[in-house]
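Here are some notes on the model you sent, set out point by point. They begin with the relation between the chains and then turn to how some of the helices pack.

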Protein chains: 2
Amino acid sequence: MPRTNEPGRSVSSRLLEILFAFRAEQSDLSLTELARETGIPLATVRRLVLELVGAGALERRSDGRYTVGLRLWQLGTLAPLTESLRTLAQPFMDDLYTALRQHVQLAVLEGQQAVVIERLSAPKAVGLVSQVGGRLPLHCSGVGKVLLSHGGADLIENVLGGRLPRQTSRTVVDPDLLRSQMAACRRTGTATVRGELTEDADSVATRIVDGEGRVVAALSVVVRTGSVTHQAALPSVVTSGLGISRQLGWRPGIRLRED
Amino acid sequence: MPRTNEPGRSVSSRLLEILFAFRAEQSDLSLTELARETGIPLATVRRLVLELVGAGALERRSDGRYTVGLRLWQLGTLAPLTESLRTLAQPFMDDLYTALRQHVQLAVLEGQQAVVIERLSAPKAVGLVSQVGGRLPLHCSGVGKVLLSHGGADLIENVLGGRLPRQTSRTVVDPDLLRSQMAACRRTGTATVRGELTEDADSVATRIVDGEGRVVAALSVVVRTGSVTHQAALPSVVTSGLGISRQLGWRPGIRLRED
């Protein structure tokens with residue numbers, strides 16, 4: 001990763017590298033690990049971490065390791081779409097959960113992945129790979145296929161032209177087949193995924209559209225293969241999705257925008 | 001606010017000042033507003049904001065104003081306590097909401113304020129001043145009194161010795177009366193607040209305790225004055241709070257720790 005010698009640029013980019021070294025799979029880090037992870041000298045890491053702790057962006061645990069701080073969480077809640085969309089979608093997701101008793105999740109597009117911004121889970125429902133804040137691949141998850149289909153031609157070509165990891169024996173990785181799935185999804189607004197992300201889970205997903213016709217999120221129900229028929233899940237997912245879209249100002253007849 | 005001339009220190013603190021200039025009451029800002037807010041020269045603000053946008057920490061809206069970015073939201077979800085506690089508390093909060101149909105909220109202590117980390121709201125329930133990520137005063141909110149009571153002697157003396165804003169005509173601001181309320185709350189684990197934060201709302205709150213006896217959060221139900229009796233709300237709030245505490249490893253007989 002390029003680093004310049006201009007002091008300002010270097011320091012600020014280092015600060016951000018330290019922050020973004022924290023990830024779901026490594027949510028607590030020691031100074032040594034941060035130095036190794038970022039390639040920044042330990043003394044500099046120590047100084048910058050001290051500053052981040054002072055600002056509340058990081059917190060020091062009693063064992064000396066560092067985690068993301070509550071103040072950074074608060075700052076994150078100001079991200080548009082997430083908190084407002086979550087708040088607005090919550091009653092619809094509650095109702096869908098009440099009706100189906102299966103995982104319900106809401107995701108948005110970030111880069112070339114889907115990010116889960118809200119999730120309701122049944123204690124006995126199928127094991128789910130995602131968590132709130134977690135990422136799902138676009139090509140083989142229900143919410144991912146919906147978001148990819150409506151993300152514009154450039155995104156589709158970038159994703160289909162890149163690496164398409166095979167998550168299970170059923171993962172569709174053929175670009176032509178995926179392209180035709182994308183076209184179908186744009187037509188119906190829904191995607192059904194059977195065992196492509198995890199062997200024993202199916203996902204039924206639909207788009208969430210705002211008042212200007214933009215697809216801003218995807219809503220899905222994840223069920224154990226065979227436990228709920230597609231025919232039973234799809235209409236309720238679609239109606240919940242339309243309900244959320246209406247709250248965002250969408251009305252029948254508004255044309256989809258793709259940008 | 002002190003600034004040194006040491007280039008490293010100055011740049012990193014400026015970056016953090018720009019980030020934390022975003023607040024609930026000003027969640028989108030222009031470059032000019034950021035410069036005014038932080039006292040940092042516009043050219044520097046422009047350069048640092050560009051870097052923050054590049055890292056996904058901020059996002060540029062189509063109208064040229066800036067907001068917190070989705071990637072920062074994701075980073076925030078890694079803060080311990082918030083996401084794990086929210087996930088774990090969610091079914092109990094759902095059930096409490098089903099039973100009472102009133103606002104249910106979960107808050108943790110941050111500095112000298114309570115931060116709401118989860119909230120469920122009834123469409124027809126009383127207007128609530130808080131939102132997820134929002135802050136409530138310790139001395140006159142239900143969750144605040146619970147958190148303050150268990151926050152240790154230093155915190156209590158700092159808060160009671162400082163400014164105690166009178167939010168309504170019913171806000172208790174007398175330090176001696178507050179001290180006796182704190183003692184009662186430590187004894188019972190609950191606090192009932194009537195019209196102290198907003199005239200027409202009462203709050204019934206209880207503590208959440210972890211397996212080591214630490215009070216890590218407070219749970220409350222906020223009701224329109226007179227709509228639900230204290231006698232009806234309190235037992236359900238307490239049982240829900242105990243249920244969440246048990247999930248955190250608490251068991252009857254574990255002594256409360258105060259640090």
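1. Please keep in mind throughout that this is a predicted model. Chain A can be laid on chain B with an RMSD of 0.1 Å, and the operation that does this is a turn of 180° with a shift of 0.0 Å along the axis. The two copies are thus related as by a two-fold rotation axis. Both copies use the same surface for their contact, since 100% of the contact residues of chain A recur in chain B.

2. As to the extent of the interface, 53 residues from chain A and 53 residues from chain B take part in the contact. The size of an interface is often given as the accessible area lost when the parts come together. Between chain A and chain B the buried area is about 4,500 Å², and carbon and sulfur atoms give 66% of this area. Within the share that chain A buries against chain B, Phe20(A), Trp73(A) and Leu75(A) supply 17%, which is more than any other three residues.

3. Turning to the packing inside chain B, helix α2 (residues 31–38) and helix α3 (residues 42–54) have axes that come within 9 Å and cross at roughly 115°. That angle makes α2(B) roughly perpendicular to α3(B), and the crossing of α2(B) past α3(B) is right-handed. On the α2(B) side the contact is made by Leu31(B), Thr32(B), Leu34(B), Ala35(B) and Thr38(B), while α3(B) brings Leu42(B), Val45(B), Arg46(B) and Val49(B). Sorted by class, the residues of this contact between α2(B) and α3(B) are six nonpolar, two polar and one charged.

4. Helix α5 (residues 82–100) and helix α9 (residues 230–247) of chain B have axes that come within 10 Å and cross at roughly 160°, so that α5(B) is roughly antiparallel to α9(B). The crossing of α5(B) and α9(B) is right-handed. From α5(B), the residues in contact are Leu85(B), Leu88(B), Ala89(B), Phe92(B), Leu96(B) and Leu100(B), and they meet a set on α9(B) that includes Ala232(B), Ala233(B), Val237(B), Gly243(B) and Ile244(B). The contact of α5(B) with α9(B) has ten nonpolar and four polar residues, with no charged ones.

5. The last pair is helix α7 (residues 153–161) and helix α8 (residues 175–188) of chain B, which pack at an angle of about 150° with their axes 10 Å apart. α7(B) and α8(B) are therefore roughly antiparallel to each other, and α7(B) passes α8(B) in a right-handed crossing. Ile156(B), Glu157(B) and Leu160(B) of α7(B) make the contact with Pro175(B), Leu178(B), Arg179(B), Met182(B) and Arg186(B) of α8(B). By class, the contact of α7(B) with α8(B) holds five nonpolar and three charged residues but no polar ones.

Notes:
Residues are numbered from 1 along each chain as its sequence is written. Chains are lettered from A and ligands numbered from 1 in the order in which they are written. This is a predicted model: local features need pLDDT of at least 70, side-chain atom pairs count only at pLDDT 80 or more; totals for chains, interfaces and linings use all residues. Side-chain values use heavy atoms; hydrogens and water are left out. Axes are lines fitted to C-alpha atoms, for helices over the stretch in contact, and angles run from 0 to 180 degrees between N-to-C directions. Helices (H or I, at least four residues) and strands (E, at least two) are DSSP runs, numbered from the N terminus. Angles under 35 degrees count as roughly parallel, over 145 as roughly antiparallel, 65 to 115 as roughly perpendicular and the rest as oblique. A crossing is left-handed if the near helix is turned anticlockwise from the far one by less than a right angle, and right-handed if clockwise. Contact means heavy atoms within 4.5 Å. Ala, Val, Leu, Ile, Met, Phe, Trp, Tyr, Cys and Pro count as nonpolar, Asp, Glu, Lys and Arg as charged, and the others, Gly among them, as polar. Copies are superposed by least squares on the C-alpha atoms of residues with pLDDT of at least 70 in both. Buried area is the accessible area (1.4 Å probe) that two parts lose on being put together, summed over both.
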